[in-house]
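Okay, thanks everyone for squeezing in. I'll take a few minutes on the inside of this one, so have it open in front of you.

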Amino acid sequence: MPSIVLEGGTLRPIFSSGVMDALLDEDVMFPYCIGVSAGISNGISYISRQKRRNLEIMEKYRLDPRYIGYRNFLKHRSLFGLDFVFGEIPAKLIPFDTATYRQHSGRVLVGVTNARTGLPEYMDGMQADEHWTMLRATCAIPLVFPAIEIDGEKYYDGGLADPIPIRKAIADGNDKHLIVLTQPKGYRKTLSKQNVAVARLLRRKYPQLKQVLLTRHERYNETVAFCEQLEREGSAVIIRPEVKLDSFEKDIGKLRDACRHGYELAMRRMEEIRELF
(Lines give C-alpha, C1' and ligand atoms only; values in the text may rest on other atoms or scores of the structure.)
Protein backbone atom coordinates (compact mmCIF):
# COMPACT_ATOMS: atom_id res chain seq x y z
CA MET A 1 0.00 0.00 0.00
CA PRO A 2 1.37 3.47 -0.83
CA SER A 3 1.52 6.37 1.61
CA ILE A 4 1.77 10.12 1.34
CA VAL A 5 4.00 11.63 4.04
CA LEU A 6 3.74 15.35 4.76
CA GLU A 7 6.35 17.53 6.44
CA GLY A 8 5.22 20.62 8.36
CA GLY A 9 6.77 24.07 8.49
CA THR A 10 4.13 26.66 9.50
CA LEU A 11 3.26 28.34 6.15
CA ARG A 12 5.76 26.42 4.02
CA PRO A 13 3.31 23.54 3.39
CA ILE A 14 1.39 25.77 1.01
CA PHE A 15 3.87 24.17 -1.40
CA SER A 16 2.52 20.76 -0.37
CA SER A 17 -1.02 22.01 -1.00
CA GLY A 18 -0.04 22.57 -4.62
CA VAL A 19 1.24 19.00 -4.81
CA MET A 20 -2.04 17.69 -3.39
CA ASP A 21 -4.09 19.88 -5.74
CA ALA A 22 -2.30 18.16 -8.62
CA LEU A 23 -3.13 14.77 -7.13
CA LEU A 24 -6.79 15.77 -6.92
CA ASP A 25 -6.78 16.95 -10.54
CA GLU A 26 -5.38 13.57 -11.55
CA ASP A 27 -7.75 11.67 -9.22
CA VAL A 28 -4.84 10.18 -7.26
CA MET A 29 -5.96 9.46 -3.71
CA PHE A 30 -3.48 7.82 -1.36
CA PRO A 31 -5.07 5.28 1.00
CA TYR A 32 -2.68 6.26 3.79
CA CYS A 33 -1.91 9.87 4.67
CA ILE A 34 0.36 10.88 7.55
CA GLY A 35 1.96 14.15 8.50
CA VAL A 36 2.73 16.73 11.11
CA SER A 37 1.93 20.36 11.81
CA ALA A 38 0.61 22.42 8.89
CA GLY A 39 1.52 19.57 6.55
CA ILE A 40 -1.25 17.32 7.82
CA SER A 41 -3.54 20.28 8.52
CA ASN A 42 -3.39 21.07 4.81
CA GLY A 43 -3.59 17.38 4.01
CA ILE A 44 -7.03 17.21 5.59
CA SER A 45 -8.36 19.31 2.67
CA TYR A 46 -6.80 16.78 0.28
CA ILE A 47 -8.75 14.02 2.00
CA SER A 48 -11.95 16.10 1.71
CA ARG A 49 -11.08 16.64 -1.97
CA GLN A 50 -11.24 20.43 -1.73
CA LYS A 51 -8.80 21.68 -4.31
CA ARG A 52 -7.33 25.16 -3.72
CA ARG A 53 -8.97 25.44 -0.28
CA ASN A 54 -5.65 25.92 1.53
CA LEU A 55 -4.50 28.56 -0.94
CA GLU A 56 -7.82 30.38 -0.63
CA ILE A 57 -7.33 30.52 3.14
CA MET A 58 -3.88 32.04 2.69
CA GLU A 59 -5.06 34.52 0.08
CA LYS A 60 -7.93 35.75 2.23
CA TYR A 61 -6.63 35.49 5.78
CA ARG A 62 -2.83 35.38 5.97
CA LEU A 63 -2.70 39.12 6.68
CA ASP A 64 -5.79 39.12 8.89
CA PRO A 65 -4.75 39.68 12.54
CA ARG A 66 -7.36 37.15 13.56
CA TYR A 67 -5.26 34.53 11.77
CA ILE A 68 -1.79 35.62 12.88
CA GLY A 69 -1.39 38.50 15.28
CA TYR A 70 -0.04 39.35 18.69
CA ARG A 71 -3.49 40.20 20.03
CA ASN A 72 -4.27 36.48 19.87
CA PHE A 73 -1.98 36.00 22.88
CA LEU A 74 -4.55 37.80 25.01
CA LYS A 75 -7.17 35.12 24.41
CA HIS A 76 -5.27 31.99 23.45
CA ARG A 77 -1.64 32.56 24.52
CA SER A 78 -0.95 31.92 20.86
CA LEU A 79 0.30 33.93 17.89
CA PHE A 80 -2.40 32.21 15.86
CA GLY A 81 -6.09 32.80 16.51
CA LEU A 82 -6.93 29.20 17.37
CA ASP A 83 -10.71 29.53 17.32
CA PHE A 84 -10.54 31.55 14.11
CA VAL A 85 -8.17 29.17 12.29
CA PHE A 86 -9.68 25.90 13.50
CA GLY A 87 -13.22 27.09 14.15
CA GLU A 88 -14.59 30.03 12.22
CA ILE A 89 -12.74 29.38 8.96
CA PRO A 90 -13.69 25.70 8.52
CA ALA A 91 -17.18 26.13 10.00
CA LYS A 92 -18.26 29.34 8.25
CA LEU A 93 -15.81 31.31 6.12
CA ILE A 94 -14.29 28.64 3.87
CA PRO A 95 -16.41 25.62 4.85
CA PHE A 96 -14.73 22.27 5.27
CA ASP A 97 -16.53 19.40 3.53
CA THR A 98 -16.96 17.16 6.55
CA ALA A 99 -19.27 14.73 4.74
CA THR A 100 -16.73 13.94 2.01
CA TYR A 101 -13.96 13.73 4.58
CA ARG A 102 -15.88 11.22 6.71
CA GLN A 103 -16.52 9.05 3.65
CA HIS A 104 -12.79 8.52 3.13
CA SER A 105 -12.01 4.82 3.44
CA GLY A 106 -8.27 5.17 4.03
CA ARG A 107 -6.17 6.06 7.05
CA VAL A 108 -5.25 9.58 8.14
CA LEU A 109 -2.69 9.99 10.93
CA VAL A 110 -1.88 13.22 12.74
CA GLY A 111 1.56 13.24 14.38
CA VAL A 112 1.87 15.00 17.74
CA THR A 113 4.54 15.23 20.44
CA ASN A 114 3.58 14.22 23.99
CA ALA A 115 4.85 17.03 26.22
CA ARG A 116 5.22 14.74 29.25
CA THR A 117 7.08 11.87 27.57
CA GLY A 118 8.72 13.71 24.67
CA LEU A 119 7.63 10.84 22.40
CA PRO A 120 5.73 10.99 19.13
CA GLU A 121 2.14 9.81 18.99
CA TYR A 122 -0.08 9.37 15.96
CA MET A 123 -3.77 10.19 16.27
CA ASP A 124 -6.52 8.88 14.03
CA GLY A 125 -7.54 11.84 11.91
CA MET A 126 -10.89 10.25 11.17
CA GLN A 127 -11.71 10.62 14.87
CA ALA A 128 -11.06 14.38 14.96
CA ASP A 129 -13.55 16.36 17.00
CA GLU A 130 -15.50 19.38 15.78
CA HIS A 131 -12.90 21.75 17.27
CA TRP A 132 -10.03 20.04 15.41
CA THR A 133 -8.16 19.69 18.67
CA MET A 134 -5.62 17.24 17.28
CA LEU A 135 -4.76 19.69 14.49
CA ARG A 136 -4.28 22.42 17.07
CA ALA A 137 -1.95 20.02 18.89
CA THR A 138 0.14 19.05 15.87
CA CYS A 139 0.64 22.73 15.04
CA ALA A 140 1.48 23.77 18.61
CA ILE A 141 4.96 25.27 18.29
CA PRO A 142 6.20 25.86 21.86
CA LEU A 143 5.83 29.49 22.99
CA VAL A 144 3.99 30.37 19.76
CA PHE A 145 1.15 28.05 20.82
CA PRO A 146 0.17 26.81 24.26
CA ALA A 147 0.38 23.07 24.90
CA ILE A 148 -2.90 21.49 23.75
CA GLU A 149 -4.69 19.06 26.08
CA ILE A 150 -6.25 15.86 24.75
CA ASP A 151 -7.58 13.18 27.11
CA GLY A 152 -5.61 14.56 30.04
CA GLU A 153 -2.27 14.74 28.22
CA LYS A 154 -0.57 17.86 26.88
CA TYR A 155 0.77 17.92 23.33
CA TYR A 156 3.01 20.06 21.14
CA ASP A 157 3.97 20.22 17.47
CA GLY A 158 4.33 16.77 15.94
CA GLY A 159 7.42 17.94 14.09
CA LEU A 160 9.43 18.11 17.31
CA ALA A 161 9.59 14.36 17.92
CA ASP A 162 9.05 13.06 14.38
CA PRO A 163 9.49 15.78 11.73
CA ILE A 164 8.89 13.52 8.71
CA PRO A 165 6.95 10.43 9.90
CA ILE A 166 8.18 8.07 7.19
CA ARG A 167 9.17 5.34 9.63
CA LYS A 168 5.66 5.23 11.06
CA ALA A 169 4.32 4.86 7.51
CA ILE A 170 6.69 1.92 6.96
CA ALA A 171 5.86 0.35 10.33
CA ASP A 172 2.19 0.41 9.35
CA GLY A 173 2.92 -1.76 6.34
CA ASN A 174 3.28 0.74 3.52
CA ASP A 175 6.01 -0.16 1.03
CA LYS A 176 5.85 2.79 -1.40
CA HIS A 177 5.80 6.46 -0.45
CA LEU A 178 5.24 9.93 -1.80
CA ILE A 179 7.24 12.15 0.57
CA VAL A 180 6.44 15.85 0.35
CA LEU A 181 9.11 18.01 1.96
CA THR A 182 8.99 21.77 2.42
CA GLN A 183 12.70 22.59 2.35
CA PRO A 184 14.87 22.56 -0.79
CA LYS A 185 17.34 19.78 -1.53
CA GLY A 186 20.54 20.23 0.42
CA TYR A 187 18.90 21.99 3.35
CA ARG A 188 20.26 20.90 6.72
CA LYS A 189 18.78 21.97 10.00
CA THR A 190 21.08 23.29 12.75
CA LEU A 191 20.55 23.75 16.46
CA SER A 192 18.81 27.11 16.70
CA LYS A 193 19.03 29.64 19.48
CA GLN A 194 15.25 29.46 19.67
CA ASN A 195 15.27 25.73 20.46
CA VAL A 196 17.95 26.24 23.09
CA ALA A 197 15.88 29.01 24.70
CA VAL A 198 12.65 27.01 24.58
CA ALA A 199 14.39 23.94 26.04
CA ARG A 200 15.61 26.08 28.92
CA LEU A 201 12.17 27.60 29.54
CA LEU A 202 10.29 24.29 29.44
CA ARG A 203 12.83 22.03 31.15
CA ARG A 204 11.15 22.10 34.56
CA LYS A 205 7.55 21.71 33.43
CA TYR A 206 8.31 19.22 30.65
CA PRO A 207 11.80 17.82 31.34
CA GLN A 208 11.56 15.17 28.60
CA LEU A 209 11.11 17.85 25.98
CA LYS A 210 14.52 19.36 26.63
CA GLN A 211 16.43 16.62 24.83
CA VAL A 212 13.82 16.48 22.07
CA LEU A 213 14.35 20.17 21.34
CA LEU A 214 18.14 20.05 21.58
CA THR A 215 18.40 17.09 19.20
CA ARG A 216 15.64 18.04 16.80
CA HIS A 217 18.08 19.13 14.09
CA GLU A 218 19.94 15.82 14.22
CA ARG A 219 16.72 13.84 13.96
CA TYR A 220 15.54 15.95 11.05
CA ASN A 221 18.75 15.63 9.03
CA GLU A 222 18.95 11.89 9.62
CA THR A 223 15.35 11.44 8.50
CA VAL A 224 15.88 13.43 5.31
CA ALA A 225 18.91 11.24 4.53
CA PHE A 226 16.76 8.15 5.15
CA CYS A 227 14.08 9.46 2.78
CA GLU A 228 16.71 10.08 0.11
CA GLN A 229 17.96 6.53 0.53
CA LEU A 230 14.44 5.21 0.01
CA GLU A 231 14.19 7.24 -3.19
CA ARG A 232 17.49 5.83 -4.47
CA GLU A 233 16.17 2.33 -3.76
CA GLY A 234 13.03 3.01 -5.77
CA SER A 235 10.51 2.86 -2.93
CA ALA A 236 9.85 6.58 -2.62
CA VAL A 237 9.27 9.69 -4.66
CA ILE A 238 10.36 12.91 -2.97
CA ILE A 239 8.86 16.21 -4.04
CA ARG A 240 10.34 19.34 -2.50
CA PRO A 241 10.60 23.01 -3.46
CA GLU A 242 13.50 24.38 -5.44
CA VAL A 243 13.22 27.73 -3.66
CA LYS A 244 13.14 28.33 0.10
CA LEU A 245 9.99 29.94 1.53
CA ASP A 246 9.91 31.78 4.84
CA SER A 247 7.90 29.94 7.49
CA PHE A 248 5.93 33.11 8.26
CA GLU A 249 5.86 34.53 4.72
CA LYS A 250 3.63 37.61 4.40
CA ASP A 251 3.83 38.13 0.65
CA ILE A 252 0.66 36.59 -0.79
CA GLY A 253 2.27 36.47 -4.21
CA LYS A 254 5.10 34.31 -2.90
CA LEU A 255 2.64 32.00 -1.14
CA ARG A 256 0.66 31.70 -4.36
CA ASP A 257 3.84 31.01 -6.34
CA ALA A 258 4.90 28.30 -3.87
CA CYS A 259 1.55 26.55 -4.27
CA ARG A 260 1.82 26.75 -8.06
CA HIS A 261 5.38 25.44 -7.85
CA GLY A 262 4.23 22.39 -5.91
CA TYR A 263 1.48 21.78 -8.44
CA GLU A 264 3.85 21.98 -11.40
CA LEU A 265 6.47 19.70 -9.84
CA ALA A 266 3.83 17.09 -9.00
CA MET A 267 2.36 17.18 -12.49
CA ARG A 268 5.86 16.81 -13.93
CA ARG A 269 6.37 13.63 -11.89
CA MET A 270 2.84 12.25 -12.03
CA GLU A 271 3.88 9.12 -13.92
CA GLU A 272 6.38 8.27 -11.14
CA ILE A 273 3.69 8.96 -8.53
CA ARG A 274 1.23 6.64 -10.23
CA GLU A 275 3.85 3.88 -10.25
CA LEU A 276 3.76 3.89 -6.44
CA PHE A 277 0.34 2.19 -6.61
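Let's start with helix H1. At 1.5 Å a residue, its twelve residues should span 16 Å, and the end C-alpha atoms of H1 are 17 Å apart, so that agrees. Keep in mind that we're looking at a predicted model.

So is H1 buried or exposed? Eleven of its twelve residues are buried, so H1 is largely enclosed by the rest of the structure. If you want to click through them, the buried ones are Ile-14, Phe-15, Ser-16, Ser-17, Gly-18, Val-19, Met-20, Asp-21, Ala-22, Leu-23 and Leu-24. Then, just after H1, look at Asp-27, which takes a positive phi of about 55 degrees.

Now, the packing. The largest nonpolar core has 77 residues, and the ones with the most contacts inside it are Ile-4, Leu-23, Tyr-67 and Leu-178. H1 gives the largest share of this core, seven residues. Which residues does Leu-23 touch? Leaving out anything up to four places away in sequence, Leu-23 touches Ile-4, Val-28, Phe-30, Tyr-46, Leu-178, Met-270 and Ile-273. There's also a second, separate core of 15 residues, and Ile-164, Cys-227, Ala-236 and Ile-238 are included in it.

On to the holes. Searching the whole structure turns up three cavities of 30 Å³ or more. The largest cavity comes out at about 480 Å³. It's lined by 26 residues, and closest to its centre you'll find Ser-41, Asn-42, Tyr-67, Val-85 and Phe-86. And yes, that's the Tyr-67 from the list of residues with the most contacts inside the largest core. Helix H2 (37–47), helix H3 (53–61) and helix H5 (82–93) each bring at least two residues to this lining, with H2 giving the largest share, six. By class, that lining has 19 nonpolar, six polar and one charged residues.

The second largest cavity holds about 60 Å³ of space. Its lining has 13 residues, and the closest to the centre are Ser-17, Asp-21, Gln-50, Arg-52 and Asn-54. Ser-17 and Asp-21 were both on our list of buried H1 residues. Here H1, H2 and H3 are the elements that give two or more residues, and the largest share, four residues, comes from H1. How many nonpolar, polar and charged residues are in this lining? Five nonpolar, five polar and three charged.

That's what I had; happy to rotate the view if anyone wants another look.

Notes: Residues are numbered from 1 along each chain as its sequence is written. This is a predicted model: local features need pLDDT of at least 70, side-chain atom pairs count only at pLDDT 80 or more; totals for chains, interfaces and linings use all residues. Side-chain values use heavy atoms; hydrogens and water are left out. On a 1 Å grid over the protein atoms alone, a cavity is a set of points where a 1.4 Å probe fits but cannot get out, and a pocket is an open set with protein on both sides within 12 Å along at least five of seven lines; lining residues have an atom within 4 Å of a point. Grid points are joined across faces, edges and corners, and a volume is the space filled by probe spheres set on the points. Ala, Val, Leu, Ile, Met, Phe, Trp, Tyr, Cys and Pro count as nonpolar, Asp, Glu, Lys and Arg as charged, and the others, Gly among them, as polar. A nonpolar core is a set of buried Ala, Val, Leu, Ile, Met, Phe, Trp, Tyr and Cys residues joined through side-chain atoms within 4.5 Å. Buried means under 20% relative accessible area, exposed over 50%, partly exposed in between (1.4 Å probe, protein chains only). Contact means heavy atoms within 4.5 Å. The expected span of a helix is 1.5 Å times one less than its number of residues.
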